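The following exercises are to be worked through with the sequence and the model at hand. Each task is followed by a solution in steps.

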Amino acid sequence: MPVSLNTLEIIIRKAGEIALNQFNDLQNLQITQKNPRDFVTAADVAVEKFLKQSLAQKYPEYGFWGEESGQSENQAQRWIVDPIDGTHSFAKGQYFWSISVALEIDNELIFGAVYAPALNDYYCAKKGQGAFKNSKKINVSNETDLGNSMIATGFACLRSYLEENNLERFCRIAQKTTGQRRFGSAAMDLCLVADGQVDAFWEQELNLYDVAAGALIVLEAGGTVTDFKGNKGVFPKQILASNGTILEELLQLM
Ligand code: 2AM
Ligand code: CA
Ligand code: CA
Ligand code: CA
């Protein structure tokens with residue numbers, strides 16, 4: 001069955017209600033640690049379970065890959081889901097966290113939605129049909145000067161083994177830009193690029209479920225998605241999204 005934007009929005013908004021119920025009762029939130037720097041809450045698990053079931057019921061032909069439950073069969077045509085992107089923010093009662101759902105068929109992203117329940121912002125895109133925020137068409141910014149730009153990044157790798165340190169890159173770029181932000185949800189960061197609220201975003205050591213939906217939303221909003229060398233494509237270990245017009249200047253500094 002071809003995917004219906006309306007049906008998906010209804011499902012994803014319901015998933016958002018499940019998350020919001022827990023967000024509004026944080027004292028009783030169950031939190032467990034997957035490893036010393038990655039934890040999971042009962043909300044992550046409940047949202048993923050709901051999405052996995054609801055999507056399979058409506059679209060039984062597609063497989064599923066979620067951060068918390070892993071991969072089902074049929075990974076050639078699959079939903080790619082991050083039930084809560086920005087779990088740390090969620091658990092602290094901050095508003096920048098999101099539910100990220102993408103549909104990928106034969107390595108091509110077909111659909112992406114990122115819903116931020118605490119902000120009630122629903123971003124989505126279907127391949128070739130543009131990007132939308134709360135049903136209004138969105139576009140990347142038209143900023144042409146890196147010196148006037150607002151950039152966002154994240155530090156998923158902050159305590160990792162990586163020699164290449166994003167702190168150094170961040171300092172280098174921060175000096176050349178007007179505004180810098182660190183929101184804590186890569187899926188949302190990408191939507192902010194798509195909506196022109198920030199001019200570029202980069203992060204390293206992410207996974208496809210963090211960025212699949214947001215990357216399609218950026219592309220459909222007229223932006224670019226590359227690695228740090230400028231190769232086009234969605235590379236979660238090194239993702240750079242931009243409005244396109246500051247890309248060359250930014251690549252020099254990456
Ligand atoms: P999460 O909240 O779903 O875990 C913020 O910098 C981004 O990094 C978020 O997309 C967050 O996703 C992700 N993230 C947080 N901890 C991480 C870790 N230990 N390894 C990889 N990604 C992580
Ligand atoms: Ca996680
Ligand atoms: Ca994530
Ligand atoms: Ca997550």
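The exercises below concern a predicted model.

**Exercise 1. Determine into which domains the protein chain is divided, and describe how they meet.**

Solution. Step one is to take the division itself: the chain comprises domain 1 (5–138) and domain 2 (146–253). Step two is to locate their centres, which, taken over C-alpha atoms, are separated by 21 Å. Step three is to examine the contacts: 30 residues of domain 1 are in contact with 21 residues of domain 2. On the side of domain 1 that touches domain 2, the elements supplying at least two residues each include β5 (77–85), α3 (87–92) and β7 (108–116). That side of domain 1 divides into 15 nonpolar, 8 polar and 7 charged residues.

**Exercise 2. Establish where ligand 1 lies with respect to the two domains.**

Solution. Begin with the shell: there are 16 residues around ligand 1, of which D38, T87, G154, A156 and A186 come nearest. Next, sort the shell by character, which gives 4 nonpolar, 5 polar and 7 charged residues. Finally, note that domain 1 (5–138) and domain 2 (146–253) both give residues to this shell; ligand 1 therefore lies between them.

**Exercise 3. Show why the positions of the UniProt feature "binding site" gather at one spot.**

Solution. First, list the positions: the unreviewed UniProt entry places this feature at E67, D82, I84, D85 and D210. Then compare sequence with space: these positions span 144 residues in sequence, yet no two of their C-alpha atoms are more than 9.6 Å apart, so they gather at one spot.

Two of the positions may be followed further. I84 is found in strand β5, and D85 lies in strand β5. A residue counts as buried if 20 or more other C-beta atoms lie within 10 Å of its own. I84 has 30 such atoms and is therefore buried; D85, with 30 other C-beta atoms within 10 Å, is therefore buried. Leaving aside residues up to four places away in sequence, I84 touches A19, A43, D44, V47, F90, W97 and I99. With its neighbours within four places likewise set aside, the contacts of D85 include W97, S185, A186 and D210.

**Exercise 4. Describe the largest nonpolar core and identify its best-connected residues.**

Solution. The core has 74 residues, and those with the most contacts inside it are L190, A194, A215 and I217. Its largest share, 9 residues, comes from helix α6 (residues 208–220). Domain 1 (5–138) and domain 2 (146–253) each provide at least three residues of this core. As a last step, consider A215: beyond its neighbours within four places in sequence, A215 is in contact with L109, L190, V225, V234 and A241.

Methods: Residues numbered from 1 in each chain as written. Chains lettered and ligands numbered in written order. Predicted model: local features only at pLDDT ≥ 70, side-chain atom pairs only at ≥ 80, totals over all residues. Core = buried A, V, L, I, M, F, W, Y, C linked by C-beta atoms within 7 Å. Buried ≥ 20, exposed ≤ 12 C-beta atoms within 10 Å, placed from the backbone. Helix = DSSP H or I, 4+ residues; strand = E, 2+ residues; numbered from the N terminus. Domains from an automatic or database assignment. Contact = placed C-beta atoms within 7 Å. Near = placed C-beta within 6 Å. Nonpolar A, V, L, I, M, F, W, Y, C, P; charged D, E, K, R; others polar. UniProt positions renumbered as here; feature names shortened; annotations may be inferred.
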